[in-house]
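Work through the exercises below with the model open. Try each task before reading its solution.

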Amino acid sequence: MSYGGRGRSPSPGGWPGGGQGSAPSSRGASPVGSRTPRGGGVGPYGQLTPAEAMGQPFTGQQTVTPRQRNRDRDWIPHMVVSGAIRLGGIAGLVLFCYGLYLLATPGGGSSSSGGGAVSSDGAGAPEGSAVLVPVTPGLRPPAADPTGPPMLTTPIPPYSASAAPGTTEMIIINNEFSDGVVFCRGPVEGSLNKVYLDQERGFKALSKPVVKSEFDCALPDSPAAKQWGVGVPGGSTLAFGLRRGERATVYIAPDGGWPSGACWYQDAASNARVSIAKGPMYMSEVEFTIEASGKGAVWYDMSSVEGVSGGITMNYTDDAGNMQTDVAVPAKFQGTTLQVVLAPGIGFPTVLSDKNRLGSCTCNEWDIDSPECNSDACFAGCPGSLVDNPCGQHRCRKFYAKLYQDSSSYCGWLYAAKAQTYCWAMDEWQCNDATCGYGGAGQPEADCSSKYPKGAAANSYSCGRGMNMPGGKESELWWSSGAGCKDKMVNGVPTNPSPRRSGGRIQISFENLPWLHEALR
């Protein structure tokens, strides 16, 4: 893996609580709602005003680039040579030995993490992992300016097809408001065994797997876990500490993949207070499933089901130069329905989704007439008890179909802002109208009193995604005159694109939204 300067997935399930979706999704793969309290710091908006908190002390470790290490150790060879010349006998020998010691220590010479060099521009760096060096407790990081550009601006080199056909590089970039950490989850045990920290060049094979590396915070004793918090046991959760403008790169072997993956960003200050290594909360994230090169696809989407805490872009360029791009960098909302708030118990600024604004759903088992199952909180969150039932999911869809017509609502805002992101769990489809395929001729009854055919798929039957589907009576067909919903499209791109994988480059960038931070000043 290298660090440097700036530059629909096939697993079933809804969010959270699963459900089936015809559009495959990695949604729900990471446990949501678990967080790990941390010591050694105060979040940027906890107990302090936002302006005061930006420069507060923090403890732990930070990533240091080779330029910084080289700059810090330029004096060592000079001191060794000149000292040996000017001093003689024992004094010169002692000085020479001391210089060798400094060159061999972390931060003064070779990596203590077992990896290669780290580059601030990513060009010509030997393969390997980043170097983590201790930070003196109380040391202030560079002051974060939430409205300014990243501090490092070295461009990413143009993409060129890998020397190893089929290998895919994944570049993860921190263009957010602060230094921080990007967590990337692979929840399936052993599924990342062919994802590597080093690139295949010439006769050198991919040899440094991310699994059980120093970046795998699923291991409680790993450097990443000690610095950024412990991930979920089982599978792997990678934690990449990145200064503003820095990037990390991993490499996926041609026959490798990454099922049910997700990546999310957390700023360093809030992480010092509460780690969300176990799963994203109140924030946007990227979800993906990457299949074998030449045999499968790169399924991905961006999700704002929890909230909007920043912008995200993701694109895939294959070996032929074809690019597929998704962008979710929304402008500020209008009206008073939505607000910028501090993420409960964590402290970073965010706009909460309807799921997190309207309370908790207490429906454990779907009941068509139960008040507990037919509340706005249940429709907004659409948990498994609703999403797994055609009528329950239908009522969630009707709830959001109405909100989509209001640009001051959460989903209406993101759609009007042309953000290519999910705003609720099953947002890959949109209703054609307020009825969402129920109540008309050749459709189920609006009150869900119609009998469904045996084995009716909840997703398809929730809105009539398809035509001439078997009804509840013998020889009955529903939606013969047209479907009740369609693929959600933003700028002509579906919410969950799935280009074929052919080597190439995946680029994920977490972007700053200045208006989000200005609202709390």
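## Exercise 1: A small sheet

Glycine 307 has leucine 352 of S18 as its bridge partner. The model is predicted. Task: find the strand order of the open sheet of 3 strands, and name its edge strands.

Solution.
- Step 1. Start from the bridges: S14 and strand S18 (residues 349-352) are joined by 2 of them.
- Step 2. Check the direction. S14 and S18 run antiparallel.
- Step 3. Write the order. It is S14-S18-S17, with antiparallel pairing.
- Step 4. Read off the edges. Strand S14 (307-308) and strand S17 (341-342) each pair on one side only.

## Exercise 2: From a strand to the core

Task: state which residues valine 351 contacts beyond its neighbours within four places in sequence. Then place valine 351 in a nonpolar core.

Solution.
- Step 1. List the contacts. Valine 351 meets Gly307, Val308, Phe333, Leu338, Gln339, Val340, Tyr410, Trp413, Trp515 and Leu516.
- Step 2. Turn to the largest nonpolar core, which has 72 residues. Val351 is among those with the most contacts inside this core, along with Met170, Trp258, Phe288, Trp413, Trp424 and Ile508.
- Step 3. Ask what supplies the core. Helix H10 (residues 390-404) gives the largest share, 5 residues.
- Step 4. Look for another core. A second, separate one has 20 residues, including Ala225, Trp264, Met281 and Ile346.
- Step 5. Set this against the general trend. In soluble globular proteins, nonpolar side chains tend to be buried together.

## Exercise 3: A charge in helix H10

Task: decide what charged partner, if any, arginine 397 has in a salt bridge.

Solution.
- Step 1. Locate the residue. Arginine 397 sits in helix H10.
- Step 2. Find the nearest side chain of opposite charge. For arginine 397 this is glutamate 428, 4.3 Å away.
- Step 3. Apply the cut-off. A salt bridge needs a side-chain nitrogen of Lys or Arg within 4 Å of a carboxyl oxygen of Asp or Glu. Arginine 397 is buried yet has no salt bridge.
- Step 4. Survey the surroundings. Not counting residues up to four places away in sequence, arginine 397 touches Trp424, Met426, Glu428, Trp429, Cys431, Cys436, Asn459, Ser462 and Cys463.

## Exercise 4: Three disulfides

Task: give the sulfur distance and the handedness for the pairs cysteine 382 and cysteine 396, cysteine 431 and cysteine 436, and cysteine 463 and cysteine 485.

Solution.
- Step 1. Count first. The whole structure has 8 disulfides.
- Step 2. Take cysteine 382 and cysteine 396. Their sulfur atoms are 2.2 Å apart. The torsion about their S-S bond is about 100°, so this disulfide is right-handed.
- Step 3. Place that pair. Cysteine 382 is in the loop between H8 and H9 and cysteine 396 is in helix H10, so the link ties together parts 14 residues apart in sequence. Both cysteine 382 and cysteine 396 are buried.
- Step 4. Take cysteine 431 and cysteine 436. The sulfur atoms of this disulfide are 1.9 Å apart. The value about the S-S bond is -65°, and the link is left-handed.
- Step 5. Check burial for that pair. Cysteine 431 is buried, at 15% relative accessible area. Cysteine 436 is buried too, at 0%.
- Step 6. Take cysteine 463 and cysteine 485. Their sulfur atoms lie 2.0 Å apart. With 45° about the S-S bond, this link is right-handed.
- Step 7. Place this last pair. Cysteine 463 is in the loop between helix H12 (458-461) and strand S20 (469-470), and cysteine 485 is in strand S22 (residues 485-487), so the pair ties together parts 22 residues apart in sequence.
- Step 8. Check burial again. Cysteine 463 has a relative accessible area of 0% and is buried. Cysteine 485 is buried at 3%.

## Exercise 5: Positive phi

Task: for tyrosine 282 and cysteine 382, report phi. Then say whether each is buried or exposed.

Solution.
- Step 1. Read tyrosine 282. Its phi is near 60°, a positive value in a residue other than glycine.
- Step 2. Place tyrosine 282. It lies in the loop between strand S11 (274-275) and strand S12 (285-290).
- Step 3. Compare with the cut-off. Buried means under 20% relative accessible area. Tyrosine 282 has 14%, so it is buried.
- Step 4. Read cysteine 382. Its phi is about 45°, positive although cysteine 382 is not a glycine.
- Step 5. Place cysteine 382. Its loop runs between helix H8 (376-381) and helix H9 (384-387).
- Step 6. Finish with burial. Cysteine 382 has 1% relative accessibility, so it counts as buried.

Conventions:
Residues are numbered from 1 along each chain as its sequence is written. This is a predicted model: local features need pLDDT of at least 70, side-chain atom pairs count only at pLDDT 80 or more; totals for chains, interfaces and linings use all residues. Side-chain values use heavy atoms; hydrogens and water are left out. Helices (H or I, at least four residues) and strands (E, at least two) are DSSP runs, numbered from the N terminus. Buried means under 20% relative accessible area, exposed over 50%, partly exposed in between (1.4 Å probe, protein chains only). Two strands pair if DSSP finds at least two bridges between them. A nonpolar core is a set of buried Ala, Val, Leu, Ile, Met, Phe, Trp, Tyr and Cys residues joined through side-chain atoms within 4.5 Å. Contact means heavy atoms within 4.5 Å. Lys and Arg count as positive and Asp and Glu as negative; His and the chain ends are not counted. A disulfide is a pair of cysteine sulfur atoms within 2.5 Å.
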